[in-house]
Amino acid sequence: RASRARGYVAGRMLQQGCMVPAVGGGLCQLSNALYDVALQAGCTIVERHAHSRVVPGSQAAIGRDATVAWNYVDLRFKAPRDLRLQVRLDRHDLSVRLLAREAVTPTIDRLSFAPGDRAAQSCDTCDEIDCFRHIAPDTSLDAAPAQRTAFIVDGATPEFAAYVARQRCQGDVLALPMTGRRYAWPTDGFAAVLSAPLATLRRSLESRRLADQGATRQRALLEHAERLALALARQLPPEVTELVVAQPLLPFLWRNGELGGRRVTVLMSRLPMDLLQARLDAAAAQHSESPTLRDFRAPVDLVKAEREALDYAERIATPHAEIAALFDKTQLLPWHVPPATTTSPIHRVAFVGPTLGRKGAYEMLEAARALKLDLLVPRRDLEAPDFWSGIAVTRGAPLEGQIVVQPAFVEENPRTLLTALASGRQVIATSACGLPPQPGLVLVPYGDRAALIDALRAALGRPAS
């Protein structure tokens, strides 16, 4: 039953020969299409009712319509073979398919229209203004926004926060985990600010009990992202026609059908999961000794859902140069440049870390051995307790180094590199760090030990070996 409580809004409906607005109006576009494909698939029509009037350009004009009305007018058909119904709504079209294992030859090409010879009237075409169904024009709608956008976000970054502040319009909605300093999104000027504090607090409490790394942690984070996405989606007003979605929440909203029929922009901070996992597989093949490079892969259906949602999206917004190059629909955002540090470097070469295979730790280890470096490294070794064995290391913050190195396979948030560049440090990084070419930055291919050694040798002023 179509009701406002179930999220249905007013649409066009034929009642007593007139086209009038009604909650759930327009559902016959679905039943019309379903009837059409049922005929083409050779199904036996058990119950079907034509519309009483013809809407120009509709299926009724060619006799391929089937009206439905709760709870007495229905569409029923019987399939001669196993069929699967597939329905998808995008920004422009409602697509209905019946899929079979074997090819199906359409058995009915076209029907002639029989019932209802007259075209449907509407309040725009009918001269009868005393009718109880007559609706006078609502001039107040002229001042209402033409569309409403909902920004569904998670953790805030300066780049995405600035983007949201620029894109927000009158009547828009912000949906975030919870209000507070940790989720510092700009909330001023929104018609509504939605949140999911229970799901967010649960994620926070359970995350504290998880290990810093590992498959268990990654699985739990995906489960929390799904709970948060669905909790926020349940609160969205149906009038929202455009969504701006944080990438971690995207596949769950896609699977739940929240993106269908809406324009979508993705706030993208990391590689798509299919490309990310392929890169980690290649890194794991290169460093079979790593306990972390194979510790987690997302479920196949979730990877597929994210790729479908990214293909569906109208725009990708990201400051990450490598991600931006993957799409022809990217809006490249400027990185937020943090304040420069005022302290002078006290060490020659610093590895940003953390000490993980995906952050280029093995490449850094091999370069340190080859060049006999005295290396500044993070205080914790997450790859292995004795990872830097045989290397002269000092524990400390990477910004204490004169040359800051991050040979990562994947990097979503290169804040340390941005601060190092702003502070006049020399930075050696890979394209996976997402920074565009600029003074002070040397880019090397990820996983390329020789290129990293050459870049370090040049930065240190050592002659080629």
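Here are some questions and answers about how features of this predicted model get their names.

Q: Why is the contact between Glu206 and Arg202 called a salt bridge?
A: The term needs a side-chain nitrogen of Lys or Arg within 4 Å of a carboxyl oxygen of Asp or Glu. For Glu206 and Arg202 the closest N and O atoms are 3.0 Å apart, so the pair qualifies. In general, side chains of opposite charge can pair when their charged atoms come close.

Q: Where do Glu206 and Arg202 sit relative to one another?
A: Both belong to helix α3 (residues 197-208), and because they are four residues apart there, about one helical turn separates them.

Q: Are Glu206 and Arg202 buried, exposed or partly exposed?
A: Partly exposed is the label for values between the 20% and 50% limits. Glu206 has a relative accessible area of 24%, so it is partly exposed. Arg202, at 38%, therefore gets that label too.

Q: What makes Arg279 and Glu322 a salt bridge?
A: Their closest N and O atoms are 2.7 Å apart, which is within 4 Å, so the definition is met. This pair links distant parts of the chain: Arg279 is in helix α6 (residues 273-286) and Glu322 is in helix α8 (residues 321-324), 43 residues apart.

Q: How do you know whether Arg279 and Glu322 are buried or exposed?
A: Buried means under 20% relative accessible area. Arg279 comes to 13%, so it counts as buried. Glu322 comes to 15%, so it is buried as well.

Q: How many salt bridges does a search of the whole structure find?
A: The search finds 20 salt bridges. Among them is the one between Arg262 and Glu258, with the closest N and O atoms 4.0 Å apart; both of these residues are buried. There is also a network of salt bridges that links Glu226, Arg255 and Asp301.

Q: What makes up the largest nonpolar core?
A: This core has 48 residues, and those with the most contacts inside it are Ile152, Leu243, Leu249, Leu253, Leu259 and Val266. Several elements each supply at least two residues, including β8 (148-152), β11 (240-246) and α7 (300-312). The largest share, seven residues, comes from α4.

Q: Which residues does Val266 touch, leaving aside those up to four places away in sequence?
A: Val266 touches Val245, Gln247, Leu250, Leu310, Ala313, Arg315, Ile316 and Ala317. Beyond the core that holds Val266, a second, separate core of 26 residues includes Ala361, Tyr362, Leu375 and Ala459.

Q: Why is strand β15 described as largely enclosed by the rest of the structure?
A: Four of the five residues of β15 (residues 347-351) are buried, so the description fits.

Q: How do you know that β15 pairs with β18 and with β16?
A: Strands pair if there are at least two bridges between them. β15 and β18 (residues 401-406) have four bridges and run in the parallel sense, so they pair. β15 and β16 (residues 374-377) are parallel and joined by two bridges, so this case meets the rule as well. Ala350 stands opposite Val404 in β18 and opposite Leu376 in β16. From β15 the chain crosses through helix α9 (residues 361-371) to β16, and this β-α-β crossover is right-handed.

Q: How many disulfides are there by the distance rule?
A: The count comes to zero. A pair of cysteine sulfur atoms would have to lie within 2.5 Å to be counted. As for individual cysteines, Cys43 has 9% relative accessibility and so counts as buried, whereas Cys169, at 47%, is partly exposed.

Q: What makes the peptide bonds at Asn71 and Pro354 worth pointing out?
A: Most residues other than glycine have a negative phi, and most peptide bonds are trans. The bond joining Trp70 and Asn71 is cis, with omega about -5°, and Asn71 lies in the loop between β3 (44-47) and β4 (76-78). The bond from Gly353 to Pro354 is also cis, with omega near 0°; Pro354 lies in the loop between β15 and α9.

Q: What is notable about the phi of Lys372, and is this residue buried or exposed?
A: Lys372 is not a glycine, yet its phi is positive, at about 50°. It lies in the loop between α9 and β16. Exposed means over 50%, and Lys372 has a relative accessible area of 71%, so it is exposed.

Technical notes: Residues numbered from 1 in each chain as written. Predicted model: local features only at pLDDT ≥ 70, side-chain atom pairs only at ≥ 80, totals over all residues. Heavy atoms only, no water. Buried < 20%, exposed > 50% of the residue type's maximum accessible area, 1.4 Å probe, protein only. Core = buried A, V, L, I, M, F, W, Y, C linked by side-chain atoms within 4.5 Å. Contact = heavy atoms within 4.5 Å. Right-handed = clockwise from strand over helix to strand, strands pointing away.
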